[in-house]
Structure formats: structure tokens, C-alpha cells
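Let's take a walk through this structure together, starting from the inside and working outwards. Have the viewer open as you read.

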Amino acid sequence: MKQRKRRRTGPYEPQTITRAVTHIRLEAANAGKLTALDDLAQVYLALCQQYVTLFCTEERPNKLRAPLFATPLSERWQRVAIQQAAGIARSWRTNRAQAYQDYVENLLAYHEQQAEGAPDAEAEEPTWKEWNVPTLRQTCIQANANVAILEPPQDSTFDYWLTISTLEFRKQLLIPVKLADYHREALKGKAINSSVTLNKRGDGWWLTLSYDQVIAVHTEPSAPVVGVDVGIANFVTTSDGRHYGTFHGKLRERQKRDREKRRRKAKLRKCLEKKGVKKLPSTSSKSGRRLARHVRQEINRAVNQCFAEHEGCQFAYEHLSVATMKYKARAMNAYLYASNLGHIPKQIAWNAAKRGVAAIRVKSAYTSQECSVCHYTARANRPNQQTFCCRVCGHSAHADLNAAINVKRRLGDEELRACKNRKAIKALLLRRHQEWKKQHGWP
Ligand SMILES: [Zn+2]
């Protein structure tokens, strides 16, 4: 089962989550029917791609845009394509804008570091590479009730009939849908959403159904706050000093082995290519995908355990940007680590949503460099990856714990939340440091 969380007004408001029931196979009871679906999909995908390109380059994404391109599809189908394309383009634009923002922040941090005169040996000036417009490679149709209707059958041979409009005027496809027992269990007593997703993979057509669930948040705004730091050595470190999960040890060993394997495969490919062999072994690695899945499972387990051990609390966690992720993943394979790091905050948000717990994102700038006692903020406070040692007050702690405490304090810190950029945050932290010094009688 996959899940999706919806935007809402505040962290203590009820939350609607959409749960998807995936992997419902469309029986090829009548091969001709699925061929008609193939034909439709081909035309649909091409049209959808045209609108994706339009919405990524020339126009702002608009779900309700009037049809523009010529196509044999009915107007209803065109509207579905436009809507899906607008969604794809919108998230592409958001991600691109976020990545650009990260790049700018990264560049600022880089220059800051240069100006401080303590450049990192590994540091390189960040560069920006413009993004390509997304290409729709997989056949995925997000259909609504205007083009595809799910209905219970008259007799009980199947669970539903799926009626889909086709390329031919007024000719509809009737496809029987048979659920597995666990699908039936998941959908029992639920009101299924009218929009359905159709996916074509190598071995056939699959249907995804979904339903909405409203979950009340039972956390009071006054509940104790747990700060969460996200990292490599410890997936999750809480402000009360507990650690959950790690990339090191077994996972890292597996990753190393996988990289070796891939390198050998690439070599073999080159060798065969030279010899003029036509059919080359694939470079995509099954074990790599398995490993990524395994990492996600480990992350899920760590986050689950963290929530289970902090019942009655609310959570503060960092708004991780790609830049911070890369910074945190400074070790080899930063990209690989970074992509997995990104799964942790997502999992925190999801766990909070389904448990009805408040989890609030806070700004991440300088959480790893700020002293949690005197607020002195400097790169020099981090003599190495796992140690924090303040150059002014001498406070020393596990670096992840120091960061988790900073994250905890940022929940409800309106002054910090109002800061527009890194520079403003740094100025605020240094001002707080000066105040701390005055209060404690430092020169
Ligand atoms: Zn200090």
C-alpha cells in the first residue's frame, strides 16, 4: 500500500490522508480489450507529454486549460491528460525551484566559508545545471469518473467492472476487476475515490484504487517537544539522546559490494561492445534496487521505533534541503546517501500523519554548527563529524545530539522562523550569543 498526505491548515488540525491500494491486476480475460487500452494509452501518453512540455516551458501549469493540441481523443480524455500534465509540470517546477534555491544557499555557504578563511579541502564552488523537461517513459493514466467508472457487478464473479471510454466514439471497454483477499480486506467498508490510476508495466495492466481517511491529531500544542536530527551515522537522533538506525555497518558493506559489482558489469559491457556483441547485459542493478529498498525499510523501522518510544510527544524535525543533505552526507557517494536521507523526513511526516501526532518542520540552517548552550555558531565548533565542541563556552557533546537540541528549540521560535535567509539566521544566532555572554558575565 502506498500513502499520500494532503496539505492542511495547521499541525494540530485533523489531517486527510489518501491511502492507495496498488497492484490490482487487470485480468487479460479478453486480450482484445487490453489491446484497445494499449492503443488508447499510446495516444494519451503522447498528448500528455505535449502538455507537460507546454506547462514546463511556455505556460504556467493550468488544470483547466482549454484543449490546444490536435488529437483523436475525446474532449473528456483531453481534459484528463491536461489535468495529469499540469500536476506533473507543477511538481517539476516546484522541485526545480527548490533545487535552485538550494544551489543559491549552497553558493552562499561556500562563499561564507571562503570568507571565514577556513575552506574545506573537499569544497568546490557549486554550479547550476539547468533541468530537462520531464519525459514520460512509463505508461500511467490518472483517470477520473468522466472517462473510467468503477462499478459493482450484477453477479459476483468479479469484484468490479471498470468501464473505460476508448478512442472510438461511444465505444466503451468493460474490464472485469478481481481483487486479491488483501485488497478486499484493505478496502472493506471504505468509500473508494472516483479517480483511478492505470499503469502499464512490461507484464500487463495494473489498477490502483484509493480512499480518503481523516485522522484527528491528538497532540496538544503544550505536549513535550522531541527534536529530531537526521543523519548518516544515526538515521535519527532525538534531543533526549537516543539514536535509531544507521547507514554504517551492514548497509554500507552491502553498498560497497553493490558498487563493485556494478563496476565489473560496466567493464564487461565495454569488453563485449568492442567485440561487437549485440545483446549487452543491463547496467541497472537488481541488487542496487534491493539495497535501496532495504535502506528504506531500515529507515521506516528506525522512525517507527522512535515514534513508539515517544508517545504523547510532538516532534520537531528539519526541513532538509538537498544542500543540507549533501552537507550531511559528505562521505563518499554523497548523492546516494542524500537521496536516502531525504526518505527520513518523509517517513517522519507520514508516521506523524497516520498516528495523529503533530510533527513540525523547522529551519535547518546552522543546526549542526550552533552551540546549544551559548548559541556561538561556527564551523570550527565541529572538530570532526561526530563531535561538537564549542570554541567559546567549551560545551561538548555528540554532534547529532547537539543538533537535535537546536532543532527542538526551533519549534515555536517565531523570531528564527521569520528569518528570510541563512545570513539573517546567522546574525540572529550571533546576537543571541552576545546576549548569553552578557548574562553570564563573559568579557
Ligand atoms: Zn557554547
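A quick term first: a nonpolar core is a set of buried Ala, Val, Leu, Ile, Met, Phe, Trp, Tyr and Cys residues joined through side-chain atoms within 4.5 Å. Keep in mind, too, that what you're looking at is a predicted model.

With that in hand, look for the largest nonpolar core, which has 43 residues. Leu37, Trp77, Ile164 and Leu207 have the most contacts inside it. Helix α1, residues 31–57, supplies the largest share of this core, with 12 residues. Apart from it there's another core, of 28 residues, and Phe247, Met325, Leu341 and Val357 are among them. As a bit of background, nonpolar side chains tend to be buried together in soluble globular proteins.

Now zoom in on Ile164. Leaving out residues up to four places away in sequence, Ile164 touches Leu37, Leu40, Trp77, Val147, Ala148, Lys171, Gln172, Leu173, Ile175 and Leu198.

That brings us to the strands. There's an open sheet of 3 strands here, in the order β4-β5-β6, and the pairing is antiparallel. β4 (148–151) and β6 (172–177) are the edge strands, each pairing on one side only. On average, neighbouring strands of this sheet are turned by 20° against each other, if you ignore direction. Between β4 and β5 (residues 160–165) you'll find 4 bridges, with the two strands running antiparallel. Want a spot to check? Glu151 stands opposite Trp161 in β5. Helix α1 comes back into view at this point: α1 lies across β5 and β6, and runs at about 120° to β6.

Next stop, the metal. Which residues coordinate the zinc ion? They are Cys371, Cys374, Cys390 and Cys393, each through its SG atom, at 2.3 Å. The arrangement is tetrahedral because the 4 donor atoms subtend angles of 102 to 114° around the zinc ion. For comparison, the ideal angle for four tetrahedral donors is 109.5 degrees. Along the chain, the donors are spaced as C-x2-C-x15-C-x2-C. Cys371 and Cys393 link distant parts of the chain, 22 residues apart: Cys371 is in the loop between β13 (359–362) and β14 (387–389), while Cys393 is in the loop between β14 and β15 (396–398).

Are those two cysteines buried or exposed? Cys371 is buried, at a relative accessible area of 0%, whereas Cys393 counts as partly exposed, at 23% relative accessibility.

Gln369 also has its place in the loop between β13 and β14. Gln369 counts as buried because its relative accessibility is 7%, and the cut-off for buried is under 20%. Beyond its neighbours within four places in sequence, Gln369 is in contact with Tyr376, Thr377, Ala378, Arg379, Asn381 and Phe388.

One more residue before we zoom out: Arg262, in helix α4 (residues 250–274). Arg262 counts as partly exposed, at 38% relative accessibility. Its C-alpha is 8.7 Å from that of Gly288, although Arg262 and Gly288 are 26 residues apart in sequence.

Finally, step back to the whole chain. The protein chain has 11 helices and 15 strands, and its C-alpha trace spans about 85 × 65 × 45 Å along the principal axes. Of its 443 residues, 42% count as buried. Take the contacts between residues at least 6 apart in sequence: 64% of them join residues at least 24 apart.

How values were computed:
Residues numbered from 1 in each chain as written. Predicted model: local features only at pLDDT ≥ 70, side-chain atom pairs only at ≥ 80, totals over all residues. Heavy atoms only, no water. Buried < 20%, exposed > 50% of the residue type's maximum accessible area, 1.4 Å probe, protein only. Contact = heavy atoms within 4.5 Å. Donors = N, O, S within 2.8 Å, 3.2 Å for Na, K, Ca; no water. Tetrahedral: all angles 85-135°; square planar, octahedral: opposite > 155°, others 65-115°. Pairing = 2+ DSSP bridges. Axes fitted to C-alpha atoms, helices over the stretch in contact; angles between N-to-C directions.
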